[in-house]
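Q: I'm new to this one, so could you walk me through it and explain the terms as we go?

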Amino acid sequence: MKASAGQIRAAVDKPDPAVRLYLFHGPDEAGAAELAERLARALGPDAERVDLDMKALREQPGRLADEAASLSLFGGARYVRLSGVEEAAAEAIGLLLGAERAGSPVIAIGPGLKASGKLVKAAIATPAALAFACYVPEGIDAVRLATTVAREHGLRLTGDVPQRLAAAAGGDRAILAREIEKLALYLDAAPERPRDADGDALDAIGADLGDTELFHAIDAVLDGRVAEIGSELAGLGDGVAVPLMRQLSRRLITLAELRSDMDKGASVDDVLERHRVFFREKAATGRALRRWNATQIARAIQRVRETERALMHSGSAGEVLAEAECTAIARAAARARG
């Protein structure tokens, strides 16, 4: 069954035993991870989690259905989580949906799956599954999401607070949820105890991490200023690892597009003008284009995305992992010559 945004949020907060599979597909992996965490919380703090990867599904397609039918060792709730799901998981998921019984829900996250693919279509076709497409919220959608999540926590956002929260989260639902939870705690808000949240309250919890701070850190990474990475990241504070990786990924993707034009014969100045690069970023972007070639940019994008995925897993090293990756990329930039 295909779920809307409202339906999927309600479904993960109150899981239906009849739903065997929750399939989150689309490019917003952070959003999918946030929904997965909400479902896990709804199952209870003692719920047992079983992780399977694509290698296990390819080698033993029937294992997924077996795991879903198995009882928890501790007698409580249990669920199976699949990350990096690909079309090759179709056989395993088909066996799950066709099994006689399956007591434990399966959460499958497939950022590379297409809505037109067989796996998503199979999930949509059965009431035993919920499929939801996760896209990075931008513009008015991000503002609406901030308002919706806040309402669920008993908060009425006033003034420009929805826009500020959306900007601070950088399109990351998990970061947005965490900041709203902090805001609700600060105001002692709850669904049965609603409170108004204004700009002063937002300032008090320090949620407004702007693009300027991230820009300086990312600029140091792409410039290869290894010695400055530690101090730049320390100045950002805690809880910024995911938005930092996401913004770095976006900058690298932009560089890849600009570099592609250069490789066709355009000069750096022509490319900057043609793509209307913001004046504040022109100098740094020009330096990066002269330093990085297309292969190096592609390799950096892959590394940043892998780091972001790693940060989505509970128990990751968080800021330490992000700093290590930023330092590694900065070292590569120091050696790079376009």
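Q: What makes up the accessible surface of the protein, and how much does it come to?
A: This is a predicted model, where local features need pLDDT of at least 70, side-chain atom pairs count only at pLDDT 80 or more, and totals for chains, interfaces and linings use all residues. Residues are numbered from 1 along each chain as its sequence is written, and side-chain values use heavy atoms, leaving out hydrogens and water. The surface is about 16,300 Å², and carbon and sulfur atoms hold 52% of that; the areas come from the Shrake-Rupley method with a 1.4 Å probe, with only the protein chains shown counting as cover for residues.

Q: Why is Asp188 called partly exposed?
A: Buried means under 20% relative accessible area, exposed means over 50%, and partly exposed is in between (1.4 Å probe, protein chains only). Asp188 has 41%, so it's partly exposed. Its phi is near 55°, a positive value in a residue other than glycine.

Q: How do you know that the radius of gyration agrees with a compact globule?
A: The rule, taken over C-alpha atoms, is 2.2 Å times the number of residues to the power 0.38. For 338 residues that gives a value near 20 Å, and the protein has 22 Å, so the two agree.

Q: What makes the reach of H13 close to the expected one?
A: The expected span is 1.5 Å times one less than the number of residues. Helix H13 (residues 241-263) has 23 residues, with 33 Å expected and 32 Å from first C-alpha to last. Helices here are DSSP runs of H or I, at least four residues, numbered from the N terminus.

Note on methods:
Helix = DSSP H or I, 4+ residues; strand = E, 2+ residues; numbered from the N terminus.
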